[in-house]
Amino acid sequence: MHRTAWKWRGTEAGTAQLSNRERQRRRAVWVAKNVIPHEPYVRQWLRGARASQEEIDELIQESYCRFAMLDAVEHIERPDIYFFSIVRHQLGRLRKRAKIVPIDSVAAISETILDEAPSPEREVAGQLAFERLKALLDDLPERCRRIIEMRKFDGLSQREIAAALGVTESIVENNISTGLRQIRETWQRHEKRAGDALDRMGKGGRGV
Amino acid sequence: MTRSRTQEIDELAAHWVARMDSDSWTDADDAELVRWCALDARHAGALLQAQALWSALGDEPAADETARDGADDVQPPARAIWTRRWMLGGSGALAASVAAAFLFRSPDTSYTTAVGEIRRVPLADGSTAAINTDSKIAVALAETRRSVTLEKGEAWFQVAKDAKRPFVVEAGNVLVRAVGTAFSVRRREGGADVIVTEGVVEAWAKGADGQKIRIAAGEMAFIADNAAIERGAAAGGAPTAERALAWRSGKIDLAGTRVDAAIAEFNRYNDRQIILRDPALAAERVDGVFRTDDPIGFAQVIAGSFDVGVDTSNPKEIRITGQ
């Protein structure tokens, strides 16, 4: 039962008294800090394991589901390992269903990801991921970008933004929703592009 | 799952995040959110991902603070982790040695651990030693020097600062000297591993005083009896110092570790030895954090990961059988 130490210890203090919104937000802050930065590496590894883009999206989404379903996350000692283990486990199940077991893809793990974990380089990469995420704001429609910047960087509430811009609060809310969706799509596309480039490099290398 | 369905979920998740961020969140919204999450297992995951991206866009200092309130040990000081892990360590042997640790000890004494036992002992100078499985240390605290002899095995020391009395660990032919710092020494065939978690230590082989090397926090090195030095290396190939020292909390922390090296680690802690019957597996890699006293759990993970069997019919062995 206590096979792995990434199981949390203790319980989330006072969870019962928290609103769902507050509970969700705390979880999200933790995930932003501990999971999101590792996502590019996990995606990269999945590509190395020859998972299709669809499989990758599905596996990543499933792993976020797992993080969402846990009673508490703060006691996970190594979120990167935990994240990676979920994905690998799910990939294994997928492959079992497909009756294909590419052993060499399993062996490649350490080289691509875990030998470095959690090296300063990866921390830097996590920072870069955030920088890139912020850069995606530039691609948003003008009002959308402005509203998100006011909310995120100027620290105004949605109500204050609505008053400042002379629009309704629901317009502010909708703009945030639209902007967030677009950022997320572009973020995933970016990751895919980076991965495609890596794949090409790999193929070129083998060809020579 | 079709792309459009995934996109639809993502879209709804973004709506929820924007709504949660608003100033007009109500109890009804709260209840509706719970219902929505219950509709489809993917909803909660999509919501969490969107919300985390939203959170990542800005620092949200207030949010950070609440997160800390909610989980007081997300990033506590190293010593606090230490204590808590120790107390929650679990196994009976561990608990017993914690009790023993508080008994008074004379300044010149030796400590031994059995296979699987991990012990923490406070030394009279205020330092602390954590002694790993199947190990023996002898401690002599003199006025000008604090000496520890590692007769076998491995130990980690949190050294109390005392510039007048250097703290020297002798492991066979290898010497490690610290003033106030934390480090571990493990005796191996032909030398010793030194891993530093705080500060800096000097290490050298007897008779090669001119070849002292400095090892800083986060670094590890193998010092051979013949004074050869291999930096960045430690048995088992643990990639970081902290991971290599997971044993202090009764854990084995594997990250891309070779299966044969991982098995050797488990076998240090258990009389019941893991035997690998399928040599093809030796070079595979494993990851995860395990309890030192749970070799069966580890073997089962190997079996599940590589589609091999585990034979536990012999109480003295755990056999990992071929495919």
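Here are a few notes on the nonpolar cores and aromatic contacts in this structure.

1. Ground rules: this is a predicted model, where local features need pLDDT of at least 70, side-chain atom pairs count only at pLDDT 80 or more, and totals for chains, interfaces and linings use all residues. Side-chain values use heavy atoms, with hydrogens and water left out.

2. The largest nonpolar core (buried Ala, Val, Leu, Ile, Met, Phe, Trp, Tyr and Cys residues joined through side-chain atoms within 4.5 Å; buried is under 20% relative accessible area, 1.4 Å probe, protein chains only) has 63 residues, and A:L46 and A:F67 have the most contacts inside it. Helix α3 of chain B, residues 41–57, gives the most to this core: 10 residues. Helices here are DSSP runs of H or I, at least four residues.

3. Leaving out residues up to four places away in sequence, A:L46 touches A:A51, A:I56, A:L59, A:I60, A:V87 and A:L91 (contact: heavy atoms within 4.5 Å).

4. There's also a second, separate core of 33 residues, including B:F167 and B:V174.

5. Over all chains you get 12 aromatic pairs (ring centres of Phe, Tyr or Trp, six-membered ring for Trp, within 6.5 Å; planes under 30 degrees apart are stacked, over 60 edge-to-face, the rest tilted). B:W16 and B:W25 have ring centres 6.1 Å apart and planes at 70°, so they pair edge-to-face. B:W16 is buried at 12% relative accessible area, and B:W25 is buried at 14%.

6. A:W30, A:Y64, A:F67, A:Y82 and A:F83 make up one aromatic cluster.

7. Two lysines to look at: the charged end of A:K152 sits over the ring of B:W54, 4.4 Å from its centre, and that of B:K212 sits over the B:W204 ring, 4.5 Å from its centre. The test is NZ of Lys or CZ of Arg within 6 Å of the ring centre and within 35 degrees of the ring normal.

Methods. Residues numbered from 1 in each chain as written. Chains lettered and ligands numbered in written order. Buried < 20%, exposed > 50% of the residue type's maximum accessible area, 1.4 Å probe, protein only. Helix = DSSP H or I, 4+ residues; strand = E, 2+ residues; numbered from the N terminus.
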